[in-house]
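Biologist: Please take a close look at the aromatic rings in this model. Then show me how their surroundings fit into the whole.

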Amino acid sequence: MGLIRRHFGLFLSVLIGAALLSSLGVWQVRRLAWKENLLAQIAARRDAPPAPLPPRVAWPGLKPEDYDYRHVALRGAFDHAKEAYIFRASADGAAGGSPGYEVVTPLALDGGGVVFVNRGFVPAELKDPASRPAGQTAGEVEIVGLMRRPEDRNLFTPPDEPAKKLWFTRDPAALATHWGLKEAAPFSVDADATPNPGGWPKGGATVMNIPNNHLSYALTWFALAATLIAVAGAYVWRKEKTGQPPQGRQG
């Protein structure tokens with residue numbers, strides 16, 4: 001008890017600090033379980049046979065976490081006059097690492113409604129559809145791909161330039177507002193890698209790169225808690241061994 005009294009302030013501080021650090025580690029362990037479950041759900045959706053889109057009446061109630069990466073098939077006709085270009089600094093999911101654009105085009109569905117389809121990547125020199133006329137497919141087409149949630153903006157996202165058909169996030173609501181489409185889906189679809197006529201746009205632009213670093217974060221927090229305890233223990237041992245009273249009790 002004398003040891004605790006002599007170093008009470010230190011022991012209390014270490015106890016609080018270690019508890020806080022350990023709680024952060026426990027939280028990361030829980031996040032790890034959540035992320036692994038999410039990745040398993042995404043893999044199951046992605047690898048399942050393509051299913052029809054959810055019915056249009058269900059679109060307003062869809063939650064992104066319930067449909068993101070769902071494998072679907074849909075039929076309709078593209079309105080190429082309403083193409084939009086989503087700038088990408090690189091295109092690792094489709095055509096290497098060069099800057100360019102993902103071509104997002106509204107598809108008027110056979111049964112009504114409109115879905116924005118990310119047809120794939122084009123390099124900067126092929127942004128103009130006149131440079132890739134074979135890829136501007138006419139008439140009814142079938143698209144197979146993955147449903148995607150809208151992309152979020154952040155403080156570093158440049159403002160969109162609708163007059164130039166240039167966008168920096170995949171946002172179906174913003175695109176629908178710009179083009180005056182009142183029956184557009186709140187999600188988009190990334191077309192798969194089935195080649196387009198002429199080779200462009202190059203489909204399969206979905207990047208399945210979802211970080212899962214929660215285990216390393218948890219180990220870091222637990223290691224910091226252990227280090228704090230070890231350093232405090234070494235300090236107390238040295239003070240007790242040398243017989244030096246702790247600070248604040250000298251004299």
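Modeller: Start with the term. Rings of Phe, Tyr and Trp (its six-membered ring) pair if their centres lie within 6.5 Å; planes under 30 degrees apart count as stacked, those over 60 as edge-to-face, and the rest as tilted. A pair of aromatic rings is thus described by the distance of the centres and the angle of the planes.

Now the ground rules. This is a predicted model, where local features need pLDDT of at least 70 and side-chain atom pairs count only at pLDDT 80 or more, while totals for chains, interfaces and linings use all residues. Residues are numbered from 1 along each chain as its sequence is written, and side-chain values use heavy atoms, with hydrogens and water left out.

Searching the whole structure turns up five aromatic pairs. One of them joins Trp-59 and Phe-187. The geometry is edge-to-face, at 5.6 Å centre to centre and 85° between the planes. Trp-59 lies in the loop between strand E1 (51-52) and H3, and Phe-187 in strand E8, so the pair ties together parts that are 128 residues apart in sequence. Helices (H or I, at least four residues) and strands (E, at least two) are DSSP runs, numbered from the N terminus. Both Trp-59 and Phe-187 are buried. Buried means under 20% relative accessible area, exposed means over 50%, and partly exposed is in between (1.4 Å probe, protein chains only).

A second example is Tyr-85 with Tyr-101. This pair is also edge-to-face, at 6.5 Å centre to centre with 75° between the planes. Tyr-85 is in strand E3 (residues 84-88) and Tyr-101 in strand E4, 16 residues apart, so the pair links distant parts of the chain. Both tyrosines, Tyr-85 and Tyr-101, are buried. They belong to one aromatic cluster with Phe-87 and Phe-168. Tyr-101 has a charged partner as well: Lys-127 lies over its face, at 5.0 Å from the ring centre. For this, NZ of Lys or CZ of Arg must be within 6 Å of the ring centre and within 35 degrees of the ring normal.

Trp-200 gives another case of a charge over a ring. The charged end of Lys-202 sits over the Trp-200 ring, 5.1 Å from its centre. The backbone here deserves a look too. The peptide bond from Trp-200 to Pro-201 is cis, with omega near -5°. Pro-201 is placed in the loop between E8 and helix H5 (214-242).

Back to Phe-187. Leaving aside neighbours within four places in sequence, Phe-187 is in contact (heavy atoms within 4.5 Å) with Leu-53, Trp-59, Leu-62, Tyr-67, Val-115, Met-147, Arg-148 and Pro-172. Phe-187 is also part of the largest nonpolar core. Such a core is a set of buried Ala, Val, Leu, Ile, Met, Phe, Trp, Tyr and Cys residues joined through side-chain atoms within 4.5 Å. This one has 17 residues, and Leu-53, Leu-74, Val-115 and Phe-187 touch the most other members. Strands E2 (71-78), E4 (100-109), E5 (114-123), E6 (140-148) and E8 (184-191) each give two or more residues to this core. E8 supplies the largest share, four residues.

Strand E8 also holds a charged side chain, Asp-190. At 2% relative accessibility, Asp-190 counts as buried. A polar contact of 2.7 Å joins its side chain to that of Thr-206. A polar contact is a pair of N or O atoms within 3.5 Å; within protein, one must be able to donate a hydrogen and the other to accept it, and residues adjacent in sequence count only if both atoms are side-chain atoms. Beyond four places in sequence, the contacts of Asp-190 include Asn-118, Arg-148 and Arg-170.

One more aromatic residue stands out by its backbone. Tyr-69 is not a glycine, yet its phi is positive, about 75°. Tyr-69 is found in the loop between helix H3 (64-67) and E2. At 5% relative accessibility, Tyr-69 counts as buried.

Finally, the whole. The protein has five helices and eight strands. Buried residues make up 35% of its 251 residues. Its radius of gyration is 28 Å, whereas a compact globule of 251 residues would have one near 18 Å. That radius is taken over C-alpha atoms, and the globule rule is 2.2 Å times the number of residues to the power 0.38. Along the principal axes, the C-alpha atoms fill a box of roughly 90 × 35 × 30 Å.
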